[in-house]
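Colleague: I have a few quick questions on this model. Can we go through them one by one?

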Amino acid sequence: MAEPGAARDDEAVSKFVERFAAQLVEAGMQRMPARVFAALLSSDSGTLTSAELGEQLRISPAAVSGAVRYLAQQHMVSREREPGSRRERYRVHSNQWYEALTNREAVLKGWERALREGVDSLGGGSPAGRRLAETLAFFEFVDGEVAAMMDRWRVHRERHFGDG
């Protein structure tokens, strides 16, 4: 890891961005948001403008805009107005993974509600009803485990990285 203030190897950073973005794409993220996210994550400040992202990634302003819109909806980046300017900066936060996982809770709760309705509609004794009931139990279990894991993460993060 480079010391603060050390010169960055732009080629090495670019290779990291593309490799990490490829991993995110493999996990299901769209390609352009993955590249923008990796670029923001690897910037020292954690913030870049649309122009900086476009230049670094060699993509159009429209591609940056679409990627940032997606990432903001996923709670992975935020938009900030530069003081005294109409220009926006895009920021990745140190707790972006925590926020992204925590915000999935609403999705899980929606699935749980839908599955409960399905079990009620199909009857818990039918083969389909039992399958839905097992799926519901799985998501309820995951929901509880994620909540407990996030609590443990907060303690771990504080111990290892402080309040930042």
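**Salt bridges and burial**

Modeller: R79 is partly exposed, at 38% relative accessibility. Keep in mind that this is a predicted model.

Colleague: Which residue forms a salt bridge with R79?

Modeller: Look for a carboxylate whose oxygen lies within 4 Å of a side-chain nitrogen of R79. One such pair has its closest N and O atoms 3.5 Å apart. The partner counts as partly exposed, at 22% relative accessibility. It is E88.

Colleague: What is the bridge partner of R79 in β3?

Modeller: Strand β2 covers residues 78-81, and strand β3 covers residues 88-91. They pair in the antiparallel sense over four bridges. In β3, R79 has as its bridge partner Y90.

Colleague: Which residue in the hairpin of β2 and β3 takes a positive phi?

Modeller: The hairpin has six residues between the strands. The phi in question is near 75 degrees. The residue is G84.

Colleague: Is D143 buried or exposed?

Modeller: D143 meets K109 in a salt bridge, 2.6 Å from N to O. The pair links distant parts of the chain, with D143 in helix α7 and K109 in helix α6, 34 residues apart. K109 is partly exposed at 33% relative accessibility. D143 has 9%, and the cut-off is under 20%, so D143 counts as buried.

Colleague: Which residues do salt bridges that share partners join into one network with K109 and D143?

Modeller: The D143 and K109 side chains meet in one salt bridge. Shared partners extend this into one network. Besides K109 and D143, the network holds E112, R116 and E140.

Colleague: How far apart are the closest N and O atoms of K15 and E11?

Modeller: Both residues lie in helix α1, four residues apart, about one turn of the helix. K15 is partly exposed at 44%, whereas E11 is exposed at 52%. They form a salt bridge, with the closest N and O atoms at 3.3 Å.

Colleague: Which backbone oxygen lies 3.1 Å from a polar atom of the S42 side chain?

Modeller: S42 is in helix α2, residues 31-42. S42 counts as buried because its relative accessibility is 15%. Leaving out residues up to four places away in sequence, S42 touches R8, V13, F16 and V17. The backbone oxygen belongs to A39.

Colleague: Which residues is Q74 in contact with, leaving aside neighbours within four places in sequence?

Modeller: Q74 sits in the loop between α4 and β2. Q74 is buried, with a relative accessible area of 17%. Its contacts are A100 and R104.

Methods: Residues are numbered from 1 along each chain as its sequence is written. This is a predicted model: local features need pLDDT of at least 70, side-chain atom pairs count only at pLDDT 80 or more; totals for chains, interfaces and linings use all residues. Side-chain values use heavy atoms; hydrogens and water are left out. Helices (H or I, at least four residues) and strands (E, at least two) are DSSP runs, numbered from the N terminus. Buried means under 20% relative accessible area, exposed over 50%, partly exposed in between (1.4 Å probe, protein chains only). A polar contact is a pair of N or O atoms within 3.5 Å; within protein, one must be able to donate a hydrogen and the other to accept it, and residues adjacent in sequence count only if both atoms are side-chain atoms. Contact means heavy atoms within 4.5 Å. Two strands pair if DSSP finds at least two bridges between them.
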